[in-house]
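Trainee: I should like to learn how to read the features of a protein model in a systematic way. May we go through them one at a time?

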Amino acid sequence: MTLLGGLLRVSERAIRDEDLWGRWQRGDDVDDGMSLAGVRVRRETAMQLSAVWACVSLISDTISTLPLDTFIRRDGVRTPFRPRPRWVTEPNPEQERPQWISQQLVSLLLDGNAYVYTPRGADGEVLEAWNVPPWMVTPRRVRRGAVVYDLADPELGLVTLDRSEMFHVPGMSWPGEIRGMAPL
């Protein structure tokens, strides 16, 4: 073999495009957390990579410090809603607003979903807002247009909450799906 022939030789790739797209077209489970290298990718292991840590930190820290306000639309005109609901500035007794928002963004970036438990007063107003780890929540459709959230609470066991008690921010999702897709 000549030197030029060796340089121009077409090598066989370890992973072919049809291997990837073939699995997808056949409907094989490509979201089982297992990479093609045989390594299971989870939020904990991904965050051990400095690039993932830096990206998640940059996005969540930056967005969580942006100004936040509430508005109401009356007769087509958007005006500031005053007084602001207390949970907007002080979501709960343990967190300041930037940390509260940052945790939601971390959940979205790593799991594809953010859940906020919103206990309400007798008048229906939100009293507090608590972030819930996404792995503790399973949304399910009970009938068309009605979704409930099963919360696996370590102290209370399985608790079912409706939409008035659980605020769900799904990331990108397949049509008809309730949960967002995990980006990892």
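Mentor: This is a predicted model, in which local features need pLDDT of at least 70 and side-chain atom pairs count only at pLDDT 80 or more, whereas totals for chains, interfaces and linings use all residues. Residues are numbered from 1 along each chain as its sequence is written, and side-chain values use heavy atoms, with hydrogens and water left out.

Trainee: Let us begin with sheets. In what order do strands 5, 6 and 7 lie in their open sheet?

Mentor: As a general idea, strands of a sheet pair through backbone hydrogen bonds, either parallel or antiparallel. Strands are DSSP runs of E with at least two residues, helices are runs of H or I with at least four, and both are numbered from the N terminus. Two strands count as paired if DSSP finds at least two bridges between them. Here, 3 strands make an open sheet in the order 5-6-7, with antiparallel pairing. Strand 5 (137-143) and strand 7 (157-162) each have a single partner strand, so one side of each lacks a neighbour in the sheet. The twist from one strand to the next averages 30 degrees; axes for such angles are lines fitted to C-alpha atoms, for helices over the stretch in contact, and angles run from 0 to 180 degrees between N-to-C directions.

Trainee: How many bridges pair strand 5 with strand 6?

Mentor: Strand 5 and strand 6 (residues 146-153) are joined by 6 bridges in the antiparallel sense. To find one of these positions in the model, look at Arg 141, whose bridge partner in strand 6 is Val 147.

Trainee: Which strands stand at the edges of the sheet with the order 4-3-8?

Mentor: That open sheet has 3 strands with antiparallel pairing. Strand 4 (130-132) and strand 8 are at its edges, each with a single partner strand, so each has one side without a neighbour in the sheet. On average, neighbouring strands are turned by 30 degrees against each other, direction ignored. Strand 3 and strand 8 run antiparallel and are joined by 5 bridges. Tyr 117 stands opposite Met 166 in strand 8.

Trainee: I turn now to aromatic rings. How many aromatic pairs are there?

Mentor: A pair of aromatic rings is described by the distance of the centres and the angle of the planes. Rings of Phe, Tyr and Trp (its six-membered ring) pair if their centres lie within 6.5 Å; planes under 30 degrees apart are stacked, over 60 edge-to-face, and the rest tilted. The count comes to 2 aromatic pairs. One of them joins Trp 87 and Trp 100 edge-to-face, at 6.1 Å centre to centre with 70 degrees between the planes. Trp 87 belongs to helix 5 (residues 86-89) and Trp 100 to helix 6 (residues 97-111), so the pair ties together parts 13 residues apart in sequence.

Trainee: Are Trp 87 and Trp 100 buried or exposed?

Mentor: Buried means under 20% relative accessible area, exposed means over 50%, and partly exposed lies in between (1.4 Å probe, protein chains only). Trp 87 is partly exposed at 28% relative accessibility, whereas Trp 100 is buried at 6%. The rings of Tyr 115 and Tyr 149 likewise form a pair: their centres are 6.1 Å apart and their planes stand at 70 degrees, so the pair is edge-to-face. Tyr 115 in strand 3 (residues 113-117) and Tyr 149 in strand 6 are 34 residues apart, and the pair links these distant parts of the chain. Both tyrosines are buried.

Trainee: Finally, how many salt bridges does the structure hold?

Mentor: A salt bridge is a side-chain nitrogen of Lys or Arg within 4 Å of a carboxyl oxygen of Asp or Glu. The structure holds 6 salt bridges. Among them, Arg 82 meets Asp 69 at 2.9 Å, N to O. Arg 82 is in the loop between strand 2 (77-80) and helix 5, and Asp 69 is in the loop between helix 4 and strand 1. Asp 69, Arg 82 and Arg 84 are linked in a network of salt bridges.

Trainee: Which residue forms a salt bridge with Arg 179?

Mentor: The partner of Arg 179 is Asp 111, with the closest N and O atoms 2.9 Å apart. Arg 179 lies in the segment after strand 8 (166-170) and Asp 111 in helix 6, so the pair ties together parts 68 residues apart in sequence. Arg 179 is partly exposed at 28% relative accessibility, whereas Asp 111 is buried at 9%.
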